[in-house]
Amino acid sequence: MSKFLIKKSGPLKGEVKISGSKNAVLPIMAATLLTDEDCEILDVPALKDVDVMCELLSCLGADVDKELEKNRIKVKAAKKIASEAPFELVKQMRASILVLGALLLRTGHAIIHLPGGCAIGERPIELHLKGLKALGATIDEEQLLKGIVDAKADRLKGASIYLDFPSVGATEVIVMAASLAEGTTVLQNAAQEPEIVDLANFLNKMGARIKGAGTDTIKIEGVEKLHGVSHHVIPDRIEAGTFMVGAAITRGRILIKNMLPDHLKAVIAKLRECGVHIEFTDNGVLVDGGKNPLVSTDVKTLPYPGFPTDMQSPFMALLTVAKGPSVVIETVFENRFMHVGEFNRMGAGIRTEGKCAIIPGNKVLKGASVAATDLRAGAAVVLTGLIAEGTTIVSQIYHIDRGYEHFVDKLKELGADIEVVED
Ligand code: EPZ
């Protein structure tokens, strides 16, 4: 098994270019099933999850031309599309559920074996199913009890749907299904993440009629047909936030290129509260972690535009060494403190109580053998490894390859002392 071997590094300095967004490209790839014409997606990050989604689309019958060295994918779902997503692929990537709405529309039937929970939570999909049922789909309740989504629909009809929680995945699945339904759908308490806006932009270019993406109410007027398009994916705001924290925690100075500051208002505000200097320049966002003392602040994760749950563990890495105590409250996922145990192996002294973590701060961390407990927690322990005394070994790094394109190369470019070693 590969591991990262990280030595205490100096301040990260230089430039980094942010890749396309994993959480935007995955639903957009699913949406290519909604047309039998050519779709070209650009600025695609070369990630494991993108590979799995490519494999899923081709297993379903789409022609997929993957040129990730050029960050480009072409998809043409012209042939007969199968209705069942292979479990082998779904269990590798829970985002496979994003094909549910498109499959249902395309074939009138969708069968997806649920992968079950993961490190950060149970990951239920009752809101996805609530939306599809409102649009006229029937869900086999027997099969559901066995963890299999078996949905059928001859024709979907527009409906008014309220989401009990602004679920990103449920919003995406419902918007895709409603785009070709008969009549108008109004989705209330919808997720407002930038990735929803990017999906809606992609669908509208295909000929869909979606209004209000990025707000809590999305109106979709169903159309007869969607066409092939070419689309550039938005930059990955979580990768950008992770490198911003990298500059802060190492007291370095990084120019972050190809990021959209508007997508990271909460993270930028919190970093500034910690004393990090952030300047918007014509060439990118300059983050200087060495200008002022690093002080602590409290963080509460919320659905967008609140502080993103995906930035909770990287930001907590920063708080372990900031001056003063801090409290982090995780409200989005029920079990997203797995990284706390890893930070504590490095001497962070964090205590958790339910959704709250209390970080004493002011620590001098010591290198240790730690694990990447999920994608973002993996990036977080890499950040603490860069500043800990001595050497840090990070295992389970396959999580990180899922969501950070060329992560080690980008860190090395900035002066990090990090190597991939075989166990
Ligand atoms: C998306 O996951 C992202 N993944 C996650 O990023 C991100 O953390 C999450 O949104 C929240 O922003 C992709 O976009 C591929 P949710 P998703 O449905 O859609 C509960 C990463 O690291 N919920 O908004 O699965 C659920 O249990 C990943 O890139 C229900 O209760 O997130 C969770 O507590 C991790 N019922 C909360 O909502 C439902 O029917 C957020 O889930 C659906 C969700």
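In this predicted model, the loop that runs between strand 3 (38–42) and helix 2 (48–60) contains Asp-43, a residue that is not a glycine and yet has a positive phi of about 60°. Most residues other than glycine have a negative phi, and most peptide bonds are trans. A departure of the second kind occurs at the peptide bond from Tyr-304 to Pro-305, which is cis, with omega near 10°. Pro-305 belongs to the loop between strand 18 (299–301) and helix 11 (312–321).

**The ligand and its shell**

The ligand is surrounded by 21 residues, of which Leu-127, Ser-167, Val-168, Asp-310 and Val-332 are the closest. By residue class, the shell around the ligand consists of ten nonpolar, five polar and six charged residues. Both domain 1 (2–18 + 235–422) and domain 2 (22–232) contribute to this shell, with at least three residues from each. Among the secondary-structure elements, helix 1 (22–31), helix 5 (126–134), helix 7 (168–179) and helix 13 (375–387) each provide at least two residues of the shell, and helix 5 gives the most, with three residues.

The table below sets out polar atom pairs between the protein and the ligand.

| Residue | Protein atom | Ligand atom | Distance |
|---|---|---|---|
| Glu-126 | polar side-chain atom | nitrogen | 3.0 Å |
| Val-168 | polar backbone atom | oxygen | 2.8 Å |
| Gly-169 | polar backbone atom | oxygen | 2.8 Å |

Taken on its own, the ligand has 820 Å² of accessible area, and the protein covers 85% of that area. Val-168 thus appears both among the closest residues of the shell and in a backbone pair with an oxygen atom of the ligand.

**The sheet with strands 22, 23, 1 and 24**

Strands of a sheet pair through backbone hydrogen bonds, either parallel or antiparallel. In one open sheet of four strands, the order is 22-23-1-24 and the pairing is mixed. Strand 22 and strand 24 (417–422) are the edge strands, and because each has a single partner strand, one side of each is left without a neighbour in the sheet. From one strand to the next, the twist of this sheet averages 25°.

Inside the sheet, strand 1 (residues 2–7) runs antiparallel to strand 23 (residues 391–395), and four bridges join the two; in this pairing Leu-5 stands opposite Ile-393 of strand 23. Strand 22 (residues 369–371), by contrast, pairs with strand 23 in the parallel sense, over three bridges. Along strand 22, Val-370 has Val-394 of strand 23 as its bridge partner, while Ala-371 stands opposite Ser-395, also in strand 23.

**The sheet with strands 10, 11, 13 and 12**

Another open sheet is formed by four strands in the order 10-11-13-12, and its pairing is likewise mixed. Its edges are strand 10 (160–162) and strand 12 (209–211), each of which pairs on one side only, and the twist averages 15° from one strand to the next. Strand 12 and strand 13 (residues 217–221) run antiparallel and are joined by three bridges, with Lys-211 standing opposite Lys-219 of strand 13.

Key. Residues numbered from 1 in each chain as written. Predicted model: local features only at pLDDT ≥ 70, side-chain atom pairs only at ≥ 80, totals over all residues. Heavy atoms only, no water. Near = heavy atom within 4 Å. Polar contact = N/O pair within 3.5 Å; in protein donor to acceptor, adjacent residues only side chain to side chain. Areas by Shrake-Rupley, 256 points an atom, 1.4 Å probe, with all protein chains shown as cover. Nonpolar A, V, L, I, M, F, W, Y, C, P; charged D, E, K, R; others polar. Domains from an automatic or database assignment. Pairing = 2+ DSSP bridges. Axes fitted to C-alpha atoms, helices over the stretch in contact; angles between N-to-C directions.
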